Each structure stands twice: as structure tokens, then as C-alpha cells.
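Me: I would like a close look at one part of this model, with the terms explained as you go.
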Amino acid sequence: IVNNNLSISAPLVLDGKNLVLDLNGKTITATKDLWNEEKKEFALISVKNNATLTIIDTKGGGSIIARDNDTYTFNVQGGATLNIEAGTYVGNITAVQVDEGTANIKGGHYSLKQLAPEAYGGDARFTLNCVDENYKNGKAVIRVTGGSFVNFNPASNLAEGADTRFVPTEGYDVTSEGKTIITYTVVKTATVTE
């Protein structure tokens, strides 16, 4: 349980273990830039080597917010699993990035401070994103069954090429609200066995 707002000076890394993190209505931010190519640390929170991180927010209002022009919010590596049930997440270029492993997004609100580079459209297309090669060979998976996303439709986006769909085709739909800033929300449309 996060009992106080946290300002971290190094990435939070869950390596090979299982953890339930309750944001408990608190906020996690970084006090300095965390991006580190050498250590392959690209996010405030990295889940590695078959670890499983489940994020809940029992009080509501909890958030994880990246520094401007720095890291993603989450990175999944080495066959790990990230489960997000609630909370607010603000990343740079990407909020949730899967290198190798699975991200199950069941809830939460996702947005970006820094959009994709102009060469890639200058938009929010990478809000959820996989390493291309691993997405193609099935080693990187994102499954969205809930949550809301700013200017990013998880059921039809450009993250892995035209018409990328992270939402299951059966039992879920996406609603949208707004004109310039569009919020896409994933809703359950039928009884789904999970």
C-alpha cells in the first residue's frame, strides 16, 4: 500500500516476484530523469523476468505520472505480467510498453505528456505499445478490457500498424466522448468468461 505521495529518484523495478500495489489514492512521480538505455530502464515502473505486478487503487484518485520528456509509465520485460485495475497513468510517448510479456488493462485512465515524434505522426498512437518484433511473434501482448484513453482508441489504433486492436473482439466495445480531446472508454457489452 502506498501510504504517502512518492517522489522517486530511481525506477521502481519488480524482478521475478509477484506484488499487488495499492495506490491508495496517492501519487508516484520522479524527482529526476530516469531513462537509462544501459540498464534497459525506460519507465517509472519496470516489471521483469516473469514477475507479476497487479495495481489497484482502493481509495480512488491514485496516479503514476512520468516527468516531462522522460520515461514511459510502465515497461514489461522478460515474460512478466502487468495487471492494471484502476488509477491514472501519464507517460511520455507511451504509458504502457510491453517488450516481452503481457499487460492486462482492466481499468484506469491513460494519457501522455509527450506525443510521438513528428516522424510518427506527432500523436498519441503509442499510448499502449509493444516492441514490434515481439508483437508480431506473440511474445508481447496487450489485452484491454476496461479503462479510458485520451486520443487513443485501444480497439483501432496505429501502435503496431493500421487497425491495431488490443480489445477482444467478443464482448467489448469502445465509446468515445469529445471532439478535439477525445476520450475512448472500453465497456463490456456481454457476459464474458475471463
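How many bridges join β2 to strand β5 (residues 43-48)?

Reply: Four bridges join β2 to strand β5 (residues 43-48), and the two strands run parallel. Before going further, please keep in mind that this is a predicted model, in which local features need pLDDT of at least 70 and side-chain atom pairs count only at pLDDT 80 or more, whereas totals for chains, interfaces and linings use all residues. Residues are numbered from 1 along each chain as its sequence is written, and side-chain values use heavy atoms, with hydrogens and water left out.

Strands here are DSSP runs of E with at least two residues, helices are runs of H or I with at least four, and both are numbered from the N terminus. Two strands are said to pair if DSSP finds at least two bridges between them. Among the bridge partners linking β2 and β5, Val-13 is matched with Ser-46, and Leu-14 with Val-47 in β5. β5 is also joined by four bridges to strand β8 (residues 72-76), again in parallel, and there Ala-43 has Tyr-72 of β8 as its bridge partner.

These pairings belong to an open sheet of five strands in the order β2-β5-β8-β11-β14, with parallel pairing. Its edge strands are β2 (12-15) and β14, each of which pairs on one side only. From one strand to the next the twist averages 15 degrees, where the axes are lines fitted to C-alpha atoms (for helices, over the stretch in contact) and angles run from 0 to 180 degrees between N-to-C directions. As for the surroundings of β5, six of its six residues are buried, so the strand is largely enclosed by the rest of the structure; buried means under 20% relative accessible area, exposed means over 50%, and partly exposed lies in between, with a 1.4 Å probe and protein chains only.

A second open sheet has five strands too, in the order β3-β6-β9-β12-β15, and its pairing is parallel. β3 (18-22) and β15 (140-144) stand at its edges with a single partner strand each, so one side of each has no neighbour in the sheet. Within this sheet, four bridges join strand β6 (residues 52-56) to strand β9 (residues 80-84), which run parallel, and one of the bridge pairs is Ile-55 with Ile-84 in β9.

Returning to the edge strand β14 of the sheet that holds β5, the loop between β13 (109-114) and β14 (128-130) contains Arg-125, which counts as buried because its relative accessibility is 19%. A polar atom of the Arg-125 side chain lies 2.6 Å from the backbone oxygen of Tyr-120, and a polar contact of 2.9 Å joins the side chains of Arg-125 and Asp-123. A polar contact is a pair of N or O atoms within 3.5 Å; within protein, one must be able to donate a hydrogen and the other to accept it, and residues adjacent in sequence count only if both are side-chain atoms. Leaving aside residues up to four places away in sequence, Arg-125 touches Ala-116, Tyr-120, Phe-152, Asn-157, Leu-158 and Ala-159, a contact being heavy atoms within 4.5 Å.

For the wider setting, the protein comes to one helix and 18 strands, and buried residues make up 48% of its 194 residues.
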